[in-house]
Amino acid sequence: MGPGAKPVLSLRHVGASYWLRKGFFRRQRFWALKDVSFDLYPGESLGVVGRNGCGKSTLLKILAGITRPDKGSISGEPLSATLLALQLGFLAYLTGRENAMLSGMMLGLTRPRIAERIEAIAEFAELGDFFDEPIAEYSAGMRARLGFAVAFQLDPDILLIDEVLGVGDAQFREKSTAVMTEKIRSHKTVVLVSHSAETLLELCDRAVWLEDGYTRAVGPAEEVVIAYRDAFRPPRRARKRPKVEPVTAGHAASANGAGVDAARIDRGRIDKGTDVADAVAPRDAERTAQGDGLSSQVHAATGSGEKSGRGPEFGP
């Protein structure tokens, strides 16, 4: 997208609504999009961000021509825009080959064109002999592989992607994500809806932020995505630290009344809420306590307790 490039699509004050049933005889109009405006330029990848229910999928349907807007205008060149849809038109009683033909034609490919690519679809889907079996026998992952292999054959002027970059198990997901990423980077015009900030920052040139049906921001992908992410990031709570009165050498004393050196106070234990008496217990006090216990045992053994009015204790 060069400076002064002419946009391939221009949306101005576009709105779209649905009727919701509120009873047997009453309906209510719900506006999925209220006022959306932006330009799409040739060869750019435009990301769309927003919370669930803000109108992202409705916007893609309007760009694909599936839904008509109720207000506003869309102008631009007569280009084909296709919404990447997986498993479109799949019927359980048809084989994988037959469903690939049907789904490809529903996505806009002609029958001769899809017939030319049918073997490439079979190879990419990695289904083996199951490609000619009814898809009723397929697992969910096998259906996803076939759907992606068919959709990947699309080559429209504007590719519209709604969250689908990779499907299947870990190995096939890595493979499908790689080829889709390569397709997006091949100077195609792409509109990508995703909740992954990392994906949008990696693949998109610009971004549109939708909020409650309105265009809240349009600009470089990095600026828009970071602003969107910061707007809904919960604030950090300040960590509360226990209030501890300062302890000095003059206030702390050992059992015999001697002062305790302030440098020997375990301040780490005080910060964690430990009782000050435990924090300032010096090794000397521990040795003193041990000595007092030993002295008591000696007094008891020698009978020196008689001086304090107690008689010596003897065993039976």
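This briefing walks through the fold, the central strands, one helix, the nonpolar cores and a few single residues.

The model is predicted, so to speak of local features takes pLDDT of at least 70 and side-chain atom pairs count only at pLDDT 80 or more, while totals for chains, interfaces and linings use all residues. Residues are numbered from 1 along each chain as its sequence is written, and side-chain values use heavy atoms, with hydrogens and water left out. The chain has 11 helices and 9 strands; these are DSSP runs numbered from the N terminus, with helices being H or I over at least four residues and strands E over at least two. Buried residues make up 38% of the 316 residues, where buried means under 20% relative accessible area, exposed over 50% and partly exposed in between, using a 1.4 Å probe and protein chains only.

**Overall wiring**

- Take the contacts (heavy atoms within 4.5 Å) between residues at least 6 apart in sequence: 63% of them join residues at least 24 apart.
- A search of the whole structure turns up 0 disulfides, a disulfide being a pair of cysteine sulfur atoms within 2.5 Å.
- As for cysteines, Cys-54 counts as buried at 4% relative accessibility, and Cys-204 counts as buried at 9%.

**Strands β3, β6, β7 and β8**

- Strands pair here if DSSP finds at least two bridges between them.
- β7 (residues 189–193) pairs with β3 in the parallel sense over 4 bridges, and with β6 (residues 158–162) in the parallel sense over 5 bridges.
- On the β3 side, Ser-45 has Val-190 as its bridge partner in β7, and Gly-47 stands opposite Leu-192.
- On the β6 side, Leu-160 has Val-191 as its bridge partner in β7.
- β3 also pairs with β8 in the parallel sense, over 4 bridges, and Val-49 is matched there with Trp-209.
- In β3, 5 of the 5 residues are buried, so the strand is largely enclosed by the rest of the structure.
- Both faces of β3 are covered, with Ser-45, Gly-47 and Val-49 on one side and Leu-46 and Val-48 on the other.
- β7 has 5 of 5 residues buried too, so it is largely enclosed by the rest of the structure.
- Thr-189, Val-191 and Val-193 point one way from β7, while Val-190 and Leu-192 point the other way.

**Val-193 and helix α1**

- Val-193 sits in β7 and is buried, with a relative accessible area of 1%.
- Val-193 and Glu-163 lie 30 residues apart in sequence, yet their C-alpha atoms are 5.6 Å apart in space.
- Setting aside neighbours within four places in sequence, Val-193 is in contact with Val-48, Lys-56, Leu-60, Ile-161, Asp-162 and Glu-163.
- Lys-56 and Leu-60 are among the buried residues of helix α1 (residues 56–64), including also Thr-58 and Leu-59.
- Just after α1, Gly-65 takes a positive phi of about 85 degrees.

**Helix α8**

- Ala-221, Val-224, Val-225 and Tyr-228 are buried in α8 (residues 221–231).
- Seen down the helix axis, the buried residues of α8 fall within an arc of 95 degrees, so they line one face; the arc is that of the directions from the axis to the C-beta atoms.
- Glu-222 and Glu-223, on the other side of α8, are exposed.
- The buried residues of α8 pack against β3 (45–49), α7 (197–203), β8 and β9 (214–220).

**Nonpolar cores**

- A nonpolar core is a set of buried Ala, Val, Leu, Ile, Met, Phe, Trp, Tyr and Cys residues joined through side-chain atoms within 4.5 Å.
- The largest core has 44 residues, and those touching the most other members are Leu-84, Ile-121, Phe-131, Leu-146, Ile-161, Met-180 and Leu-192.
- Helix α5 (residues 140–151) gives the most to this core, with 6 residues.
- A second, separate core of 24 residues includes Ala-16, Ile-62, Ile-158 and Val-191.
- Leu-146 touches a list of residues beyond four places away in sequence, among them Phe-90, Ile-121, Leu-127, Phe-131 and Tyr-138.

**Glu-211**

- Glu-211 is found in strand β8 (residues 206–211) and is buried, at 14% relative accessible area.
- The side chains of Glu-211 and Arg-51 are joined by a polar contact of 2.4 Å.
- A polar contact is a pair of N or O atoms within 3.5 Å; within protein, one must be able to donate a hydrogen and the other to accept it, and residues adjacent in sequence count only if both atoms are side-chain atoms.
- Beyond four places in sequence, Glu-211 touches Arg-51, Cys-54, Arg-216 and Phe-232.
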